[in-house]
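Please look through the sequence and the structure shown below before reading on. The report that follows is meant to be read slowly, with the picture at hand.

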Amino acid sequence: MIKKIIEIKNLNYSYPDGTEALSDINLDIFEGESIGIIGPNGAGKSTLLLHLNGILRGNSHIRIFNQDVNDKNLAHIRSKVGLVFQDPDNQLFMPTVFDDVAFGPINMSLPKNEVELSVEEALGEVDMLRFIGRASYHLSFGEKKRVSIATVLSMKPQILALDEPSSNLDPKHRRNLINFLKQLKLTKIIVAHDLDLVLQTCSRVALIDKGRIITAGITLDILRNKSLLETHDLEMPYPLFKEK
Amino acid sequence: MKHAYIDEHSNIDSYIHRLDPRIKIICLVAFILFVIFTKPTSFIAFALYGALIAVLILLSKIPISFILKRSIVIIPFVLMIAIFIPFLKKGEVAGGYSFGTLKLTVTYDGLMIFWNILVKAYLCILSMILLITSTKLSDLLKALEKLKFPSVFVIILSFMYRYIFVVQDELMKMRQAKEARSVGGSRWFHAKVLANMIGVLFMKTYERGENVYLAMCSRGFDGKIKTIDGFRLKMNDFCFLLIMIGILTGIRILGS
C-alpha cells in the first residue's frame, strides 16, 4: 500500500491582520508522488507550502510522517521536508555557496566530514560543484536557482517542496530543471503557475483559488479541463492544445 | 548588470594571501598597537614601519595603485579631525596669522601632534587595507568568529556582505523605473519622489529580512549560526607571526 506522508485536514489559516488565507483545506500527499499545486496569484499556494514544514501552523491539523507538528519534532520535520523559496536571494543568505549548502546539515549537527560529503553530493546533483567556493551573489539567476535546490538536497529530505521553481528561468535552464525534477526520486510538491512544467513533472494536481481547494485529481484530467482552468484565471498548457 | 566586488583582489595567489586569516588579524592588531604606542619623535621607527608595510604590500602582489587609491579616500577624514590641533595646542609658537582682532597661532607641539596623528593613521589604514584586500571577506568573517569576536557582529557583517549589493540593485532598478517615467517635473517634486523611494526600499529590505529568516528556519536555524572549522595553521603561519612580532619589537627598540 502507498504510504500517506502528509495529511492535511480542515486547515484554516488567517494572516495576522485577519485576512483569511486558507480555509478548509483537505489534502493527502503520498510517498513518492509528485503533486502540483496550481492556482492564480494570491490563491494561497505559497502559504500552504509554508505549512508543510511547520513555519506556519494554522490551526494545526497537519500530520507529517504520521506526527503532529509541534515544537519537539519541528527540527526533525524540517530536515525531512526541504522547502525551496521562490526568490533565490532569500534562499541563499550565507557568504559562499559552500556555507549556504552546508547550513542545513550543520544545523542537523552532522559531523564535519559528513557535512562536506553531503554538500558535495548535493552540489554534484544539481551540477554546480565547480561553484563551491564562490560568493552566492556573483552567480547568475539560473545558477542561484540550482544552488537553492542543493541547499535543501544536502539535508537529505524525503519531501521536496518547491515554490515556483521555473519563474524567471530562461528556456534552456527551465528545460534542465524539468529534466532534473523528473529524474529526482523524492516526493515532490511543486507550486507553480507554469502549468507546462506541472504537466511534465506531476502525476497529481490540486487547484487552489481564494484559499480553498477547488479540486484535486490526475494531472491530465484537470489540465485538459479548459473551462475549469479559465474560471480560475489559468490557461491550458500548450502541448494539450495540440492534442485536440 | 555589473557586479561590484568588496574583495576584488582576494583571489591573487601570493604568500600574504595564503596566510591563515587569523594570523593576519593578530598581526594587524599587533602592528596597529605598536604604531600607536610609538613616540611621535622617533622618525626612524615610523620610516621602518612604513618600509615593513611596503614590503608586505609588495609580497601580496596587489596593485600598488589600488592600495594608494583606497588609502587616499580615507585621508580627508583624518585631516578633518587633525587639522585644528596645531592651532589649539599651547606651547612654543611656530608662526601665526592675524585677521584683525582674531589671532591664530600655530605651535611646535601642536604641529608634532598633527604629524603624529597623520602618520599613525596612515600606517594603520595601509595595514588594514592590506588585510582586507588580501583576504576573502567570507574567510575574514570566519576568522573573526574563530577568534571569539562576538557572533552577533560577525552575523551582521556576513549578512551585510551578502545583501549590500542586492539592496543596491533594488535601488538601482527603482531609480531606472523612475527615470523611465520622468518627464520634467520640479526639483522639489523629484526630491519628494526620492524620499518615497527610500521608504519603499526600507519596506522591501524589511520584508526580505523576514523571508530570509523563514528560509533559515526551514533549514533548521535555531538562533545560532554554526559553521565548520575550515582553517588549519601551517608552519608558514607560525613563522610569519614570529617574524612579524620580531620585526615589530626590533623597530620599537631601535626607535626608542
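What follows is a report on confidence, domains, the contact between the chains and the packing of helices.

This is a predicted model, in which local features need pLDDT of at least 70 and side-chain atom pairs count only at pLDDT 80 or more, while totals for chains, interfaces and linings use all residues. Residues are numbered from 1 along each chain as its sequence is written, and chains are lettered from A and ligands numbered from 1 in the order in which they are written.

**Confidence**

The predictor gives the complex an ipTM of 0.83 and a pTM of 0.79. For chain B the mean pLDDT (the predictor's confidence in each residue, from 0 to 100) is 86, and 97% of the residues score at least 70. Within chain B, confidence is highest in helix H2 (residues 21-36), at a mean of 94, and lowest in strand E1 (residues 93-99), at 73. Helices (H or I, at least four residues) and strands (E, at least two) are DSSP runs, numbered from the N terminus. Where pLDDT is low, the predicted coordinates should not be read in detail.

**Domains**

Each domain below has bounds that come from an automatic or database domain assignment.

| Chain | Domain 1 | Domain 2 |
|---|---|---|
| Chain A | residues 4-65 + 158-243 | residues 88-156 |
| Chain B | residues 15-146 + 231-255 | residues 151-217 |

In chain A, the centres of domain 1 and domain 2, taken over C-alpha atoms, are separated by 25 Å. Six residues from domain 1 of chain A and five residues from domain 2 of chain A take part in their contact, where two residues are in contact if their C-beta atoms, placed from the backbone, lie within 7 Å. The side of domain 1 of chain A that touches domain 2 of chain A has three nonpolar, two polar and one charged residues; here Ala, Val, Leu, Ile, Met, Phe, Trp, Tyr, Cys and Pro count as nonpolar, Asp, Glu, Lys and Arg as charged, and the others, Gly among them, as polar.

In chain B, the centres of domain 1 and domain 2, again taken over C-alpha atoms, are separated by 35 Å, and the contact takes four residues from domain 1 of chain B and five residues from domain 2 of chain B.

**Between the chains**

In the contact between the chains, 29 residues belong to chain A and 25 residues to chain B. Helix H4 (97-107) of chain A is among the elements that give two or more residues to the side of chain A that touches chain B, and H4(A) gives the most to that side, with six residues. This side of chain A consists of 15 nonpolar, 10 polar and four charged residues.

**Helix packing in chain B**

Two packed helices are described by the angle between their axes and the distance between the axes. Axes are lines fitted to C-alpha atoms, for helices over the stretch in contact, and angles run from 0 to 180 degrees between N-to-C directions.

The axes of helix H3 (residues 43-60) and helix H10 (residues 235-255) of chain B come within 8 Å and cross at roughly 160°, so H3(B) and H10(B) are roughly antiparallel to each other, a term for angles over 145 degrees, while those under 35 count as roughly parallel, 65 to 115 as roughly perpendicular and the rest as oblique. Residues in the contact include B:Leu48 of H3(B) and B:Ile251 of H10(B).

The axes of helix H7 (residues 137-146) and helix H8 (residues 151-181) of chain B come within 9 Å and cross at roughly 170°, so H7(B) and H8(B) are also roughly antiparallel to each other.
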